[in-house]
There are 2 protein chains.
Amino acid sequence: MLDAACAIMAGGAGTRFWPLSRFDRPKQLLALGGGDRSLLQLAWDRARALFPLERILVVTGERLVEAVAGQLPELPRSQILAEPVPRSTAPCIAWAAARVHREFGDVALAAVPSDQWIEGEAAYGAAFARAAALAREGWIVTFGIPPSRPETGFGYVQAGGALGDDAFAVARFLEKPDRERAERLIAAGDVFWNSGMFVFSTGRMLEEIRARLPETGRFAGAVVAAGTAGEARVVAERFAGCEAISIDYGVMERAERVAVVAARFAWSDVGSWDAVAERGEGEAEAASGGVLVLRRDAPGTWVRSVAAGRKVVAVVGVGDAIVVDTDDALLVCRRGASQDVRAVVEALKARGRGDVL
Amino acid sequence: MLDAACAIMAGGAGTRFWPLSRFDRPKQLLALGGGDRSLLQLAWDRARALFPLERILVVTGERLVEAVAGQLPELPRSQILAEPVPRSTAPCIAWAAARVHREFGDVALAAVPSDQWIEGEAAYGAAFARAAALAREGWIVTFGIPPSRPETGFGYVQAGGALGDDAFAVARFLEKPDRERAERLIAAGDVFWNSGMFVFSTGRMLEEIRARLPETGRFAGAVVAAGTAGEARVVAERFAGCEAISIDYGVMERAERVAVVAARFAWSDVGSWDAVAERGEGEAEAASGGVLVLRRDAPGTWVRSVAAGRKVVAVVGVGDAIVVDTDDALLVCRRGASQDVRAVVEALKARGRGDVL
């Protein structure tokens with residue numbers, strides 16, 4: 001167990017997993033990691049193995065509080081931080097840091113997304129232990145994923161001087177590159193994908209926020225000052241006024257003494273149906289909740305159905321497709337085209353079909 | 001109105017339109033002809049335009065009687081002939097011929113399938129008038145479809161001497177040919193597809209049946225002799241003992257004085273989902289019963305959904321496919337592969353999934 005706290009960031013509202021994801025059931029609440037547990041529940045399981053229960057917070061949107069509480073029955077309600085409006089990750093982390101700082105003092109705090117897929121518990125635990133130690137020395141730590149392909153959808157972190165095993169001072173953050181630049185970066189060998197997982201001491205982070213994001217800094221200071229009884233009022237009065245900016249742009253990329261710890265665990269941002277299908281998750285009958293999938297001459301076609309009852313899905317002669325079926329919406333998508341699901345969602349919005357969004 | 005009777009043969013039990021077709025809802029009960037009316041209802045509409053109501057019979061299986069009656073509210077119950085067991089078309093036609101012969105004497109009777117698609121009412125009516133006239137001269141008449149492609153799934157009829165406009169004595173019936181032979185037949189120019197629609201006088205047909213199919217002949221004779229009151233008992237006692245054989249094999253191909261009338265109307269046997277999709281039926285939102293279909297980069301993909309509610313179907317990057325969605329089963333099939341739907345049905349049988357068959 002680490003002498004540290006953890007904030008699971010569960011406020012996301014993506015549309016890329018339509019028709020399974022909906023306005024009130026975003027990606028992190030879906031079982032996209034294999035098995036029956038949602039990505040949020042898997043993030044919770046990982047946190048529970050490393051952090052004391054009373055030091056694990058979940059930050060989410062007000063409209064998702066009931067769903068989050070339903071999925072995490074072990075989580076005390078007081079440890080759910082319900083954002084009244086979405087304001088990206090900087091205000092989210094500011095609130096969590098302020099709460100932890102007030103209750104536990106200047107300790108290491110991990111801020112982790114709730115919608116990623118991770119495998120390799122031992123390596124995960126070791127990375128957080130390393131990062132927490134660096135955080136206590138005053139570093140803000142990001143986890144870097146050793147790149148396996150010239151991905152153009154992620155930001156990159158360039159490593160500078162080594163800080164011991166698998167840790168480096170960050171030389172600089174790099175915006176999402178084009179394909180050619182991504183290939184050059186990977187060839188150079190000193191870059192990581194920016195995972196969006198961070199560890200820092202609450203004192204250092206609150207200082208950085210105060211220095212760089214004045215409204216968010218005032219909000220965080222008020223949370224610390226208000227005490228447990230006054231926190232809700234501070235949130236109601238001040239959260240919406242915080243700068244809507246990611247912690248990456250707002251703090252990390254402008255701060256000194258930022259480190260990167262190399263992730264030696266398997267990681268995916270679960271960015272689209274393609275990413276889920278690539279892992280083959282959900283192929284088996286069992287994973288489809290009693291749905292029977294029959295294929296004839298349909299290599300590479302991946303099926304997920306959550307329709308009520310014991311639905312049968314038969315695929316004949318259509319390969320390399322992704323089929324996602326629910327009671328009120330069906331998606332049939334070519335593998336490799338699942339980024340276009342956003343456009344489908346936009347088209348549905350334009351047609352006033354909020355009932356299936 | 002023709003001075004003739006009509007028997008609509010509605011006993012079929014195909015599996016090629018799964019998942020829309022089911023054991024108790026076969027092809028003829030489905031709206032596969034465009035619009036909301038089933039193929040059976042469209043056959044009924046055609047018959048109603050040509051034959052007196054009291055001379056139109058529907059022959060079907062016992063298990064389909066309620067469904068047939070539900071779709072044809074105008075049809076008196078006494079004009080539904082419910083076969084206790086399936087015995088192909090010869091006993092079906094024998095029963096209809098005997099019933100009509102008993103009630104209306106030796107008149108022309110048209111026997112038509114309930115599961116074909118036809119367009120061109122005037123030409124259809126003219127063909128039946130021509131055929132009824134030939135039937136009254138003692139000919140057994142089949143309708144021949146001028147072939148539009150070297151189809152290997154149909155039997156062919158070779159025309160002999162002309163019998164006036166669009167009518168010929170049949171030289172011979174030809175079994176389903178292979179591709180090469182089909183091409184030669186079409187090149188020769190004197191063949192038609194055998195449509196499965198017939199017209200004959202009841203006296204002539206009952207004679208033929210008596211001569212060639214002894215059990216069926218005895219059954220038909222008993223129906224005539226029994227009168228209205230005794231018919232049900234005759235059917236219960238004798239129908240199952242009839243030769244299970246098609247009228248083509250059992251009578252037509254062995255009889256003298258058989259004529260073919262060329263069909264000048266549009267015709268399809270609606271043999272598979274491909275045949276339905278080729279006509280583009282069911283493409284529009286309206287035809288899908290309120291279902292919204294969104295396509296992106298999906299040329300040639302055809303969607304039919306009968307799922308409850310206002311389901312949305314989105315197809316992204318998957319072209320030339322057939323998608324059929326119901327509440328308990330979903331088919332995604334490559335165009336051109338819809339014959340394989342039978343194999344899916346067999347696989348479901350083997351897995352004991354009668355609930356979706």
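**Two chains and the sheets they share**

The domain assignment of chain A gives domain 1 (4-268) and domain 2 (273-356); such bounds come from an automatic or database domain assignment. This is a predicted model, in which local features need pLDDT of at least 70 and side-chain atom pairs count only at pLDDT 80 or more, while totals for chains, interfaces and linings use all residues. Residues are numbered from 1 along each chain as its sequence is written, and chains are lettered from A and ligands numbered from 1 in the order in which they are written.

Within chain A, the C-alpha centres of domain 1 and domain 2 lie 30 Å apart. The contact between them takes nine residues from domain 1 of chain A and 16 residues from domain 2 of chain A, where two residues are in contact if their C-beta atoms, placed from the backbone, lie within 7 Å. The side of domain 1 of chain A that touches domain 2 of chain A has five nonpolar, three polar and one charged residues. In this classification, Ala, Val, Leu, Ile, Met, Phe, Trp, Tyr, Cys and Pro count as nonpolar, Asp, Glu, Lys and Arg as charged, and the others, Gly among them, as polar.

The next topic is the relation between the two chains. Chain A is superposed on chain B by a rotation of 180 degrees with 0.0 Å of shift along its axis, at an RMSD of 0.0 Å; the fit is by least squares on the C-alpha atoms of residues with pLDDT of at least 70 in both copies. The two copies are thus related as by a two-fold rotation axis. In chain A, the C-alpha nearest this axis belongs to Asp327(A), at 3.8 Å from it. The same surface serves both copies, since 100% of the contact residues of chain A recur in chain B.

The contact between the chains takes 31 residues from chain A and 31 residues from chain B. On the side of chain A that touches chain B, the elements giving two or more residues are β12 (292-296), β14 (312-316), β15 (321-325), β16 (329-334) and α10 (341-350) of chain A. Here helices (H or I, at least four residues) and strands (E, at least two) are DSSP runs, numbered from the N terminus. β16(A) gives the most to this side, with six residues. By class, the side of chain A that touches chain B has 22 nonpolar, two polar and seven charged residues.

Strands from both chains also join in sheets. One open sheet of five strands has the order β12(A)-β14(A)-β16(B)-β15(B)-β13(B), with mixed pairing; two strands pair if DSSP finds at least two bridges between them. β12 of chain A and β13 (302-305) of chain B stand at the edges, each with a single partner strand, so one side of each is left without a neighbour in the sheet. From one strand to the next, the twist averages 5 degrees, with axes as lines fitted to C-alpha atoms, for helices over the stretch in contact, and angles running from 0 to 180 degrees between N-to-C directions.

In this sheet, β12(A) and β14(A) run parallel and are joined by five bridges; Arg295(A) has Val315(A) in β14(A) as its bridge partner. Between the chains, β14(A) pairs with β16 (residues 329-334) of chain B in the parallel sense over five bridges, and Ala314(A) stands opposite Leu331(B) in β16(B).

Another open sheet of five strands follows the order β13(A)-β15(A)-β16(A)-β14(B)-β12(B), again with mixed pairing. Here, β16(A) pairs with β14 (residues 312-316) of chain B in the parallel sense over five bridges, and the bridge partner of Leu331(A) in β14(B) is Ala314(B).
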